[in-house]
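Trainee: I have a model open and would like to learn how to read it feature by feature. Could you walk me through it?
Mentor: Gladly. Let's put it up and begin.

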Amino acid sequence: MNPATESVPNSDWAHGRRLAVFYILIIACAHYFLLAVPFLSVGQAWTITHSLHSIVHYIFLHWLKGSPFGDGTQGESRELTHWEQIDENQHYMPTKKFLTIVPIVLFLLASFYTNY
């Protein structure tokens with residue numbers, strides 16, 4: 001295989017519309033689950049959704065390093081976080097833009113519904 005055209009299995013999931021649909025669906029399901037809790041207001045549900053999203057986002061994209069797959073890279077991705085592996089650490093790519101905009105939108109929704 002040509003290394004220039006070889007895809008990295010650890011970041012292949014991050015490309016395309018499937019990520020956006022799945023990502024938004026997971027956030028929406030978590031939010032609707034929180035709305036089902038009777039003693040939480042809408043503002044509190046958005047705040048908890050945003051907080052949980054931020055924690056999970058940080059752990060999976062910025063804390064964990066390496067590749068969970070036996071991808072044959074001989075440990076080249078061992079020192080890189082998943083965020084650095086997406087789009088081979090190129091800035092301003094569509095996937096990274098999407099993953100940056102979602103937390104901002106969640107923050108704005110939480111701020112709006114708590115009348116901050």
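Trainee: Where does Leu40 sit?
Mentor: Leu40 belongs to the loop that links H1 and H2. One thing to keep in mind throughout is that this is a predicted model.

Trainee: Is Leu40 buried or exposed?
Mentor: The general idea is to look at the relative accessible area, with under 20% counted as buried. Leu40 has 18%, so this loop residue counts as buried.

Trainee: Which residues does Leu40 contact, apart from its neighbours within four places in sequence?
Mentor: Those partners are Leu34 and Ile48.

Trainee: Let me step back to the whole chain. How many helices and strands are there?
Mentor: There are 4 helices and 0 strands. Reading along the sequence gives the pattern α-α-α-α.

Trainee: What share of the residues is buried?
Mentor: Of the chain's 116 residues, 30% count as buried. The accessible surface is about 8300 Å², and carbon and sulfur atoms account for 67% of that surface.

Trainee: How do I read contacts across the sequence?
Mentor: Start with contacts between residues at least 6 apart in sequence, then ask what share joins residues at least 24 apart; in this chain that share is 53%. Ile104 and His50 give you a pair to look at: 54 residues separate them in sequence, while their C-alpha atoms are 9.2 Å apart. Ile104 lies in helix H4, and with a relative accessible area of 46% it is partly exposed.

Trainee: Which residues make up the largest nonpolar core?
Mentor: The idea is to find buried nonpolar residues joined through their side chains. Here the largest such core has 11 residues: Leu19, Tyr23, Ile27, Trp46, Leu61, Trp83, Ile86, Leu99, Val102, Leu106 and Ala110. Helix H1 (17–35), H2 and helix H4 (94–113) are the elements that each supply two or more of them.

Trainee: Which element gives the most to this core?
Mentor: H4 does, with 4 residues. For a close look at one core member, select Val102: leaving out residues up to four places away in sequence, Val102 touches Tyr23, Ile24, Ile27 and His53.

Trainee: What about a polar residue such as His57?
Mentor: For a polar side chain, check its element, its accessibility and its partners in turn. His57 is part of helix H2 (residues 42–63). Its relative accessibility is 13%, so His57 counts as buried. The His57 side chain has a polar contact of 3.1 Å with the side chain of Tyr23. Beyond its neighbours within four places in sequence, His57 contacts Tyr23, His62 and Leu99.

Trainee: Is Lys96 buried or exposed?
Mentor: Take the same steps again. Lys96 is placed in helix H4, and at 5% relative accessibility it counts as buried. Setting aside neighbours within four places in sequence, the contacts of Lys96 are Trp83, Ile86, Asp87, Asn89 and Gln90.

Trainee: Now the outside. Which residues form a nonpolar patch on the surface?
Mentor: Here we look for nonpolar side chains that are accessible and lie together. Ile55, Val56, Tyr58, Ile59, Phe60, Trp63 and Leu64 form such a patch, and together they have about 700 Å² of accessible area. One of them, Trp63, is in helix H2. Trp63 has 56% relative accessibility and therefore counts as exposed.

Trainee: How far apart in space are Thr81 and Trp63?
Mentor: C-alpha to C-alpha, they are 6.5 Å apart, with their positions 18 residues apart in sequence. Thr81 is in the loop between H2 and helix H3 (82–85). Unlike Trp63, which is exposed, Thr81 is buried, with a relative accessible area of 8%. Not counting residues up to four places away in sequence, Thr81 touches Leu61, His62, Leu64 and Lys65.

Trainee: One last feature: backbone angles. What is phi of Asn115?
Mentor: When you scan phi values, check the sign together with the residue type. Phi of Asn115 is near 55°, which is positive in a residue other than glycine. Asn115 is in the segment after H4, and at 71% relative accessibility it counts as exposed.

How values were computed: Residues are numbered from 1 along each chain as its sequence is written. This is a predicted model: local features need pLDDT of at least 70, side-chain atom pairs count only at pLDDT 80 or more; totals for chains, interfaces and linings use all residues. Side-chain values use heavy atoms; hydrogens and water are left out. Buried means under 20% relative accessible area, exposed over 50%, partly exposed in between (1.4 Å probe, protein chains only). A polar contact is a pair of N or O atoms within 3.5 Å; within protein, one must be able to donate a hydrogen and the other to accept it, and residues adjacent in sequence count only if both atoms are side-chain atoms. Contact means heavy atoms within 4.5 Å. Patches are made of residues with over 30% relative accessible area and no salt bridge: like charges are joined within 9 Å, nonpolar side chains (Val, Leu, Ile, Met, Phe, Trp, Tyr) within 5 Å. Accessible areas come from the Shrake-Rupley method with a 1.4 Å probe; for residues, only the protein chains shown count as cover. A salt bridge is a side-chain nitrogen of Lys or Arg within 4 Å of a carboxyl oxygen of Asp or Glu. A nonpolar core is a set of buried Ala, Val, Leu, Ile, Met, Phe, Trp, Tyr and Cys residues joined through side-chain atoms within 4.5 Å.
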